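The exercises below are meant to be worked with the sequence and the three-dimensional model side by side. Try each task before reading its solution.

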Amino acid sequence: MQPSLVAKYGETRLPRYTSYPTAPRFSAAIDAGIYGEWLAAIAPEKPASLYLHIPFCRSMCWYCGCHTTITQRDQPILDYLDMLREEVRLVSAKTRAPLSIDHVHFGGGTPTIMQPEEFLSLMGLLREHFEFAGAAEIAVEIDPRTLEPEMATTLGEAGVRRASLGVQSFDPVVQRAINRIQSEEQTMEAVTRLRKAGVDSINFDLIYGLPHQTVESCIATAEAAIRMRPERFAVFGYAHIPSFKKHQKLIDEKALADAEGRVAQAEAIAATLVAAGYRRIGLDHFARPEDSLTIAQASGQLHRNFQGYTTDTCETLIGLGASAIGRMQNGYVQNEVPPGLYAQRIASGRLATVKGYRMTAEDRLRASIIERLMCDFGVDVPALAYAHGFDPQILLRDNAKLAMLESDGILENADGVIRLRESGRFLIRAAAAAFDAYIEQSGRTHSKAA
């Protein structure tokens, strides 16, 4: 890819489009009362997903962009879990009947920071208040540095079959610069424990664009990770936003790669993974040929949500915990972010929702177009527009961003049937932004929740 195009489109400042509209559009106009109405309107026969946010870690990784709190004591975690259980009860009481659950995802923070008995208790409560499908997929995010043998065994007993392990980089120079010391041996030990417990699908998270990272160190990390044979990889670019995440000020900005360097690192990781037999899934995921993500992409059934690329087709996502975002037929809702304020709302018997977004018919159309672009690197705009009851010209006429992308050779546009060129796929978010009606108002920010 031409370096000038990377600089021109400023891809790192664009949303990841794990939702549309993105989180900056959420407002206090959508409150707990509206969320309660939306919960009551859910058709019980339609499957739903659960996301549970555990916002605690033992130490702060300086690159982190997540909502998390550092604690060395267990009591704050136990107090929070009490509120999380109460939120489960409050939410389930608002629905007409117990929701049928197809997917459960524990995110953080570090979900496995809780004790094994607490995890089992929480899973028991979820099964008490929701109807779990026989093949429900339960996934958990894990810090390999703190995964104890008993917890690994507990995850298997609780029905967890998918785990996402934070790796980021095995380069000791990079690790010291981000305050995350994690050896290959620690990571392999966690993988072995999980496999033994019956967790049969493992994902590694890698990051490029970290301080002192080089193309060579990115390749070395990818090769070391490949030797551990995870089923999937998620490869993200580091977003340096110290004005938003104060701890990122501890990172030396002079040690960060420029835009061209970031692209070189990302493509080096991608090439290494593909050469090892992994298939490239959308913008930033990789999976083995037999993995469900690969199969979904080949059949046009790949989707994208707050966790990235997924096979989850549920229209409803119930977000539980501080800062958790939910998705309903009507739109999006987000809980209070600080754990203390979240706990106050739940303790008072109120739902924790403090903001959200009510989707319009045009929002749904644009969301569908953006999702197909992000998943398939192409989209038939007229077909989707007509399916949603719209004239496609409202999206195509005078679309200066789309015209510029076509002029620069990044994509082909045949009467609204759009296809990214192979060499332009790294700029897929710029193509998605061409259909984002709010991009100028929201500002070009990169966020895990965007």
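A residue is called buried here if its relative accessible area is under 20%, exposed if that area is over 50%, and partly exposed in between. The model is a predicted one.

**Exercise 1. A covered strand**

Task: Determine how many residues of strand S13 (residues 316-320) are buried, and work out which way its residues point.

Solution. Begin with the count, which shows that S13 is mostly covered, since five of its five residues are buried. Next, sort the residues by direction: Thr316, Ile318 and Leu320 point one way from S13, while Leu317 and Gly319 point the other way. This sorting fits a general rule, namely that the side chains of a regular strand alternate between the two faces of the sheet. Finally, look for a neighbouring strand: strand S1 (residues 47-54) runs parallel to S13 and is joined to it by five bridges. Within this pairing, Tyr51 stands opposite Gly319 of S13.

**Exercise 2. A strand with two unlike faces**

Task: For strand S19 (residues 417-420), find which side chains are buried and which are not, and then identify the pairing of S19 with strand S17 (residues 378-380) and with strand S18 (residues 411-414).

Solution. Take the faces of S19 in turn: Ile418 and Leu420 point to one face and are buried, whereas Val417 and Arg419 point to the other face and are not buried. Then turn to the partners. Strand S17 pairs with S19 in the antiparallel sense over three bridges, and Gly378 has Arg419 as its bridge partner in S19. Strand S18 is also antiparallel to S19, with four bridges between the two, and here Leu411 stands opposite Leu420. The last step concerns the connection: S18 and S19 form a hairpin with two residues between them, and Asp415, which is in the turn, has a positive phi of about 55°.

**Exercise 3. Aromatic pairs**

Task: Classify the pair of Tyr20 and Tyr438 and the pair of Phe204 and Phe233 by their geometry, and say where in the chain the partners lie.

Solution. A pair of aromatic rings is described by the distance of the centres and the angle of the planes. A search of the whole structure finds nine aromatic pairs. In one of them, Tyr20 and Tyr438 have ring centres 6.1 Å apart and planes at 20° to each other. Planes under 30 degrees apart count as stacked, so this pair is a stacked one. The partners come from distant parts of the chain, 418 residues apart: Tyr20 is in the loop between helix H1 (3-9) and helix H2 (32-40), and Tyr438 is in the loop between helix H16 (428-433) and helix H17 (439-442). Tyr20 counts as buried because its relative accessibility is 3%, and Tyr438 counts as buried because its value is 14%.

For Phe204 and Phe233, the centres are 5.9 Å apart and the planes stand at 90°, which makes the pair edge-to-face. Phe204 lies in strand S7 (residues 201-208) and Phe233 in strand S8 (residues 232-237), so the contact ties together parts that are 29 residues apart in sequence. Phe204 is buried at a relative accessible area of 0%, and Phe233 is likewise buried at 0%.

To complete the picture around Tyr438, note that Tyr20, Tyr357 and Tyr438 form one aromatic cluster, and that Arg25 lies over the face of Tyr438, 4.0 Å from the ring centre.

**Exercise 4. A pocket and a cavity**

Task: Describe the lining of the second largest pocket and of the second largest cavity.

Solution. Start with the pocket, which holds about 580 Å³ of space. Its lining has 24 residues, and those nearest the centre of the pocket are Arg304, Arg327, Tyr332, Ala367 and Glu371. Helix H12 supplies the largest share of this lining, with six residues. By class, the lining divides into eight nonpolar, nine polar and seven charged residues. One of the central residues, Arg304, also has its charged end over the ring of Tyr309, 4.4 Å from the ring centre.

Now move to the second largest cavity, where about 40 Å³ of space lies. Its lining includes Asp74, Ile77, Leu78 and Glu118, and helix H3 (residues 75-94) gives the largest share, three residues. Sorted by class, this lining has five nonpolar, one polar and two charged residues.

Conventions: Residues are numbered from 1 along each chain as its sequence is written. This is a predicted model: local features need pLDDT of at least 70, side-chain atom pairs count only at pLDDT 80 or more; totals for chains, interfaces and linings use all residues. Side-chain values use heavy atoms; hydrogens and water are left out. Rings of Phe, Tyr and Trp (its six-membered ring) pair if their centres lie within 6.5 Å; planes under 30 degrees apart count as stacked, over 60 as edge-to-face and the rest as tilted. Buried means under 20% relative accessible area, exposed over 50%, partly exposed in between (1.4 Å probe, protein chains only). A charge sits over a ring if NZ of Lys or CZ of Arg is within 6 Å of the ring centre and within 35 degrees of the ring normal. On a 1 Å grid over the protein atoms alone, a cavity is a set of points where a 1.4 Å probe fits but cannot get out, and a pocket is an open set with protein on both sides within 12 Å along at least five of seven lines; lining residues have an atom within 4 Å of a point. Grid points are joined across faces, edges and corners, and a volume is the space filled by probe spheres set on the points. Ala, Val, Leu, Ile, Met, Phe, Trp, Tyr, Cys and Pro count as nonpolar, Asp, Glu, Lys and Arg as charged, and the others, Gly among them, as polar. Two strands pair if DSSP finds at least two bridges between them.
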